[in-house]
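Visitor: I am new to this structure. Could you walk me through it, one question at a time?

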Amino acid sequence: MITRLLVANRGEIARRVLATCRALGVATVAVHSDADADAPFVAEADQAVRLPGNTPAETYLRIDLILDAARRAGADAVHPGYGFLAENAEFAAAVTDAGLTWVGPPAKAIAAMGDKMAAKALLADAGVPMLPTWTDPGQVTDFPVLVKASAGGGGRGMRIVRDAAGLAEAVAGARREAAAAFGDGTVFIERYVERGRHVEVQIFGDSHGTVVALGVRDCSIQRRHQKIVEEAPGVLPDEVRERLHEAAVAAGRAVDYVGAGTVEFLLAPDGQVHFLEMNTRLQVEHPVTELTTGLDLVRLQLLVAEGEPLPVTTTPAPDGHAIEVRLCAEDPAQGFRPATGTLHRFAVPGVGAEFGPTRGLRLDSGVVDGSTVSVHYDSMLAKLVAWGPTRAEAARALAGALARAELHGVATNRDLLVRVLRSREFAAADVDTGFLDRHPEVFAPLLPAAQLPVAALAAALAGAAARRAAAPVLAGLPAGWRNVPAVPQVTRFHDIEITYRLTRTGTLAEWESKGPLLTPEVEEGPPLNTEPEPEPPQVELVSAAPDRVVLDVDGVRRAFRVHRVGSSVFVDGPDGAVSLTELPRLPRPAAELAAGSLLAPLPGAVTRVHVEVGQRVAAGDLLLTLEAMKLEHPVLAPADGVVAELPVPAGGQVETGAVLAVVDPEEDPQ
């Protein structure tokens, strides 16, 4: 029996495993990098062991350090979570050889499925349907194709290629990204199916020969080949569901599978099912299966690892519907690039449970207020899951909770997720892997541009209320009040300017907005307000406090929650949220950047430089590649011109805002 479990992972999956261990009375050990020393999962474990360093290669991918941590802490079992070493057969064997209980499938099964080409051959012999696949780019003649990493998933190392001209570069880029994420740059090429649905079956096996399917999940809505919305049960015909169950169980039996695993398939528009891969671990999206079956999958993992038979031997009928979204630190203004920084507030209303199979609204989070989002790891902050008696009820509850969440300090993909959940196509289950490509409207922010001035006015009034609350004298007078109201109050944000005047009794006498304001300090992305300015609404001030402002807008009362951290102001209102940066009244002189400067959007390493100083480039040409948060980010020429500076060589580390290149624009001959 397991008495003390070491979790060889971090973030929300570490917290998820720790939660089940607490419920079962199993003592726990966390391992952590220096960057994660103050992370919630470290505080929640009974013991913690430092892994010196920050990068995965220095810490969470070091088998020797993790085994030494288990020995020092007296652990008798290891749970790998997902990612990092979870699907590393060498790690599984090393844990077992050290006399510890491995909470996962046997090393032999991991190895068999880890070599994805060998796995395809093995499972094809077992009758599992396959897509055409190649390992030699020179043999590919049928396009489009998908380049995939052999050693892992999560979209790392994936590239769609539509013609032979782009195949070599796609393969090279996929190899680099896979090596950075998994320590293995092996890739293969697979036929790409347009408008296919990504569906998967959760399977479980025990050491007594039982392999059971626990239902089908639909994970079709993806960006950059990474799942962002998952649901169970998948909306499928019963006949297709049965074929998926049978194929998944056949795959598990072919490798004598023990533990939790997921068999992933591509469902073509014609109804044909094609095997994609088998993940020999617990999946990120396992909560939707838990909520529709009532099973704690981590508990089942521990029981099976201890040699117990599975308590379920047939596929349970799903109860209700569950939908999960992956809330990620990504900046919509920067093309959804991963974002870093401090999470000043992380609050989701209505959460009934964390990390457990309790129905309702569930939050599995790796962060709390004050957490730092580091450049060293992937961008997922949390998973929010809603269960409802019907799919429509689950979607509505999840969208509502997301829309009302207070997410301050780091940009996120929240608005995108809400718009997807509220879209007509999602409601009709009209989804496939190309959903986001066909529906660019879901990328619009929740807060309409026309509502930005009112939100900014609320921020300005909250700031004035805060200053009056801190005033040592005459605190009862409105800020800026004068006997002769000649000059109104002005609050300038990066994207908008608010001018207003209060009466002696504190009512709003007049106000107006101007914007967008484009200043050199703010050229980090498109302004928030890009539409022509409409006529300002009629606004009356109902109440103003430092953290809450109530306004009557054209006869409709609206409450705004306001949170200030330094010069950053976060406003959450009924129509959406906005983050503003208040400009100082007397700004300090700032160094002027050279025209054509390209800045690093986040900390990272320059992996390759594709051009030379003095080289002529065209708009859109690839200048260099920045690697950050396990992904490659191309830096492109903004316009035709000549490369004037390349201050960072290949291999160089940069911080956010560092100059990566300078392109002198070509002068118009006219």
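Visitor: Which residue of E8 stands opposite Leu-146?
Guide: This is a predicted model. Strand E7 covers residues 145–149, and E8 covers residues 159–161. The two pair in the antiparallel sense over three bridges. Opposite Leu-146 stands Ile-160.

Visitor: How many bridges pair E7 with strand E9?
Guide: E9 spans residues 187–191, and its pairing with E7 is antiparallel. Ala-149 has Val-187 in E9 as its bridge partner. The number of bridges between E7 and E9 is five.

Visitor: Are the residues of E7 buried or exposed?
Guide: Val-145, Val-147 and Ala-149 point one way from the strand. Leu-146 and Lys-148 point the other way. Five of the five residues fall under the 20% cut-off for relative accessible area, so E7 is largely enclosed by the rest of the structure. On both sides, the residues are buried.

Visitor: Which peptide bond leading to Pro-144 is cis?
Guide: Most peptide bonds are trans. Pro-144 is in the loop between strand E6 (133–134) and E7. Omega is near 5 degrees for the cis bond, which runs from Phe-143 to Pro-144.

Visitor: What is omega for the cis bond from Ala-232 to Pro-233?
Guide: Pro-233 sits in the loop between E12 and helix H8 (238–254). The bond that leads to Pro-233 from Ala-232 is cis. Its omega is near -5 degrees.

Visitor: Which strands stand at the edges of the open sheet?
Guide: Nine strands form this sheet, and the pairing is mixed. The order is E14-E13-E10-E11-E12-E15-E23-E21-E20. An edge strand has a single partner, so one of its sides is left without a neighbour in the sheet. That describes E14 (273–279) and E20 (353–354).

Visitor: Which residue of E11 stands opposite Ile-203?
Guide: Strand E10 covers residues 197–205 and E11 covers residues 211–223. They pair in the antiparallel sense over six bridges. Opposite Ile-203 in E11 is Ala-213.

Visitor: How many residues of E13 are buried?
Guide: E13 takes in residues 259–267. Nine bridges join E10 to E13 in an antiparallel run, with Phe-204 opposite Ala-260. Six bridges join E13 to E14, also antiparallel. E13 is mostly covered, and the number of buried residues is nine of nine.

Visitor: Which residue in the hairpin of E13 and E14 takes a positive phi near 90 degrees?
Guide: Across these two strands, Leu-266 has His-274 in E14 as its bridge partner. The hairpin has five residues between the strands. The residue with this positive phi is Gly-271.

Visitor: What is the relative accessible area of Thr-280?
Guide: Thr-280 lies in the loop between E14 and helix H9 (286–293). Leaving out residues up to four places away in sequence, Thr-280 touches several others, including Glu-87, Met-113 and Tyr-257. Buried means under 20%. Thr-280 is buried, and the value is 1%.

Visitor: Which glycine takes a positive phi just after H9?
Guide: H9 is mostly covered, with eight of its eight residues buried. Among them are His-286, Glu-290 and Leu-291. Just after the helix, phi is about 75 degrees at Gly-294.

Visitor: Is Asp-256 buried or exposed?
Guide: Asp-256 is in the loop between H8 and E13. It is not a glycine, yet its phi is positive, at about 50 degrees. Exposed means over 50% relative accessible area. With 60%, Asp-256 is exposed.

Visitor: What is the relative accessible area of Arg-195?
Guide: Arg-195 lies in the loop between E9 and E10. Its phi is positive, about 55 degrees, although it is not a glycine. Arg-195 is partly exposed, with a value of 43%.

Visitor: At what angle do the axes of H1 and H10 cross?
Guide: H1 covers residues 11–24 and H10 covers residues 297–305. Their axes come within 9 Å. The helices are roughly perpendicular to each other, and the crossing is right-handed. The angle is roughly 70 degrees.

Visitor: Which residues of H10 make the contact with H1?
Guide: The contact residues divide into six nonpolar, one polar and two charged. From H1 come Arg-16, Val-17, Thr-20, Cys-21 and Leu-24. From H10 come Leu-297, Val-298, Arg-299 and Leu-302.

Conventions. Residues are numbered from 1 along each chain as its sequence is written. This is a predicted model: local features need pLDDT of at least 70, side-chain atom pairs count only at pLDDT 80 or more; totals for chains, interfaces and linings use all residues. Side-chain values use heavy atoms; hydrogens and water are left out. Two strands pair if DSSP finds at least two bridges between them. Helices (H or I, at least four residues) and strands (E, at least two) are DSSP runs, numbered from the N terminus. Axes are lines fitted to C-alpha atoms, for helices over the stretch in contact, and angles run from 0 to 180 degrees between N-to-C directions. Angles under 35 degrees count as roughly parallel, over 145 as roughly antiparallel, 65 to 115 as roughly perpendicular and the rest as oblique. A crossing is left-handed if the near helix is turned anticlockwise from the far one by less than a right angle, and right-handed if clockwise. Contact means heavy atoms within 4.5 Å. Ala, Val, Leu, Ile, Met, Phe, Trp, Tyr, Cys and Pro count as nonpolar, Asp, Glu, Lys and Arg as charged, and the others, Gly among them, as polar. Buried means under 20% relative accessible area, exposed over 50%, partly exposed in between (1.4 Å probe, protein chains only).
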